[in-house]
Amino acid sequence: MVTTDTLDRSNISIVYRFISRMETLIPTINRLQEVFLTVGAESIQLPQIVVVGSQSCGKSSMLESLVGRDFLPRGSGIVTRRPLVLQLVNVAPLQERLKTENGNEVKQNAPNSYPGIKAEEWGTFLHCKNQIFTDFLEIRQEIEAETERSSGDNKGISPEPIYLKIFSPKVLNLTLVDLPGITKVPVGDQPEDIETQVQEMILSFISNPNSLILAVSPANSDLATSDALKLAREVDPDGRRTLLAISKLDLMDAGTDALEVLLGRVIPVRLGIIGVVNRSQHDINIRKSLEDSMRDEQAYLQRHYPSLASRCGSRYLAKTLSRLLMHHIRDCLPDLKTRVTVLSAQYQARLNSYGQPVEDHSATLLQIVTKFASDYCNTIEGTARHIQTSELCGGARICYIFHETFGRTLQSIDPLGGLTELDILTAIRNATGPRPALFVPEVSFELLVKRQIKRLEEPSLRCVELVHEELQRIVQHCSSYSTQELLRFPKLHDSIVEVVTGLLKKRLPITNEMVHNLVAIELAYINTKHPDFTDAAQVSASVNSQQAEALDGGKRWKNEKVAEEKAPAAGFGSPSKGQAINLLDTAVPNSRKLSTREQRDCEVIQRLIKCYFLIVRKCIQDSVPKTVMHFLVNFVKEHLQSELVGQLYKQPLLRELLIESQDTAQQRTEVAQMLEALKKANNIISEIRETHLW
């Protein structure tokens, strides 16, 4: 039968197990912190307590009370000039650990045994590998030396943290960050912007949403003017992660106390307000022990604040900080685990993109060259994996050049552009010689239509140039998107670009020559028997019928003919008496009214030129893209891989071409270290079972 006492003992046992599991959370975060420190990871924001306060507000004395030993530098002015990350680790007393090492009570490899260390308390620095400090005076000296090493011997500050871990049976598991005190006026050789530097450093730590803020404010100053609370409110307006510590309770003016402040009636703080009594400078000078100081502190609180004595003091502050940090870690751990998992996947993808170090140079070169050639051809065919959405690229761009750029350019060419009626009439007269022509001479038509067909050559050659430029751009596209390996080997990349550029340059004059020949072929023979070409007789008859309708059956034309015969010819009038005229000096008029016959002849020639020009333009518009594809695009696709292999796959060049860039090698090393740290962090977090979190 289960009794009430049995249930009570069972519940107490569960509570103790829960508390012991909760206490493992802080060492877990400390291990994570050490893992990420090795790679300098700033993307992981770990839970920690950040101590913020003005200069000489008693932060250092408060931290020493939490540790129970003197170990922080002392002096006037700004003493803490670098962030101090202080990890407190609770260990078993020396006697128990000695028994553990002998294996009398606990297993020899227990986690808290620390074999080989014969001290009750000790400290270690991250920058001092494998060095143990058992003398806390040496710890203070090492902090001062390390501070001067980074910040110099003046009063300047440095954002580079010092990591100190203290092991003691008298401390609770806790992680604190002690920051330089807030100062207003530069002293000595401090920089003029010392106030801004300190505030920026403090904000960089307390802006971390996973950090708890311990704001320290002296009791003998107005809480409304507290710089620490002001900075805490900026990043934590709701006060969900701010705890206020009131220091120097014993230094208040006679007749006053801090009861209203400690009860939260002046400025309420959600996580609570705790008062402490610091050691005075006289106590420090006479080397009063911290144990005696803490007893005096408790006696002072009992005399002046009896109702709050159990909720104030350094011991209560340490317990509260440890409890808050454990619960805060418990709340942050699920998100932290998710963050580590996401970052692991991202860094694994980055590491894969950098590739593995080269072992077989021949196989690596062939693999890269084959992949590049394949990606190049796929980009032209439109089957590449990386398809751009911002602009046309590859085969799509070539298609646009053929049917939009080149096609529209040809369509915009006027068949009669640059030909005036006077030009046509002059060509007709020059083709007849000294004899007046009864019909429109065929020679004049050929002369004029060839002149117009010649205008198609320039846009055709421009089309070849545009396609050549796009084929050159595909090289950069493949280098940037498709073949990441090329970024690893800059010399191989340059060599591939050189080979492809050389192949394109070699094919460019051949393609231009063929396009030039296409136009030359059209100029070589004017096929007036083309099925789509209108017969000249039909054009002439059509023009005559239109003119006949306009001249009322030809009567008006006869009257004009008689008038023309009676009227003197322009420029050939009889000279006045006594005047001599030189017929060769008479200028040909630039424009004049054409006769009906001249208009008819010009219109016949214009119609024939336009009809034949449209036939040739249609042929050129179809032939030029086919020529470019055959002589340039398809040739490059078919011969690119063999050209690359033939010029680059040479034994003396292999090692030279496959030399990695320094940036790639360095980035691979950094990413590999970060990935290893993330894997260790994931393993550390996975050690905590889900029951530990709730």
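A polar contact is taken here as a pair of N or O atoms within 3.5 Å, where, within protein, one atom must be able to donate a hydrogen and the other to accept it. In this predicted model, the side chain of T147 makes such an approach, reaching the backbone oxygen of I143 at 2.7 Å. T147 lies in helix α5, and because its relative accessibility is 7%, T147 counts as buried.

**Overall composition**

The protein chain contains 23 helices and 8 strands, and 44% of its 694 residues are buried. Of the contacts in the chain with a separation of 6 or more, 81% are between residues 24 or more positions apart.

**The sheet**

An open sheet of 8 strands, with mixed pairing, follows the order β3-β4-β2-β5-β1-β6-β7-β8. Its edge strands are β3 (122-125) and β8 (273-275), each of which pairs on one side only, and from one strand to the next the twist averages 25°. In general, the strands of a sheet pair through backbone hydrogen bonds, either parallel or antiparallel. Both senses can be followed in the pairings listed below, which include two that involve β1 and one that involves the edge strand β3.

| Strand pair | Sense | Bridges | A bridge partner pair |
|---|---|---|---|
| β1 (residues 48-53) and β6 (residues 211-218) | parallel | 6 bridges | V51 and L214 |
| β1 (residues 48-53) and β5 (residues 174-178) | parallel | 3 bridges | V50 and V177 |
| β3 (122-125) and β4 (residues 162-168) | antiparallel | 4 bridges | F125 and L164 |

Strand β1 is largely enclosed by the rest of the structure, because 6 of its 6 residues are buried. In a regular strand the side chains alternate between the two faces of the sheet. In β1, Q48, V50 and V52 point one way while I49, V51 and G53 point the other way, and all of these residues are buried.

**Helix α5 and the loop before β2**

Helix α5 (residues 136-151), which carries T147, lies across β2 (84-90), β3 and β4, and runs at about 170° to β4. D70, for its part, is found in the loop between α3 (59-67) and β2; with a relative accessible area of 31%, D70 is partly exposed. Although D70 and F136 are 66 residues apart in sequence, their C-alpha atoms are 6.8 Å apart in space. Leaving aside residues up to four places away in sequence, D70 touches E64, F136, R140, R279 and L290.

**Packing of α12 against α21**

Helix α12 (residues 361-381) and helix α21 (residues 596-648) pack with their axes 10 Å apart and at an angle of about 170°. Since angles over 145 degrees count as roughly antiparallel, the two helices α12 and α21 are therefore described as roughly antiparallel to each other. On the α12 side, the contact is made by L365, L366, V369, T370, F372, A373, Y376, C377, I380 and E381, and on the α21 side by V633, V636, K637, L640, Q641, L644, V645 and L648. Sorted by class, this contact of α12 with α21 has 14 nonpolar, 2 polar and 2 charged residues.

Key:
Residues are numbered from 1 along each chain as its sequence is written. This is a predicted model: local features need pLDDT of at least 70, side-chain atom pairs count only at pLDDT 80 or more; totals for chains, interfaces and linings use all residues. Side-chain values use heavy atoms; hydrogens and water are left out. Axes are lines fitted to C-alpha atoms, for helices over the stretch in contact, and angles run from 0 to 180 degrees between N-to-C directions. Angles under 35 degrees count as roughly parallel, over 145 as roughly antiparallel, 65 to 115 as roughly perpendicular and the rest as oblique. Contact means heavy atoms within 4.5 Å. Ala, Val, Leu, Ile, Met, Phe, Trp, Tyr, Cys and Pro count as nonpolar, Asp, Glu, Lys and Arg as charged, and the others, Gly among them, as polar. Two strands pair if DSSP finds at least two bridges between them. Buried means under 20% relative accessible area, exposed over 50%, partly exposed in between (1.4 Å probe, protein chains only).
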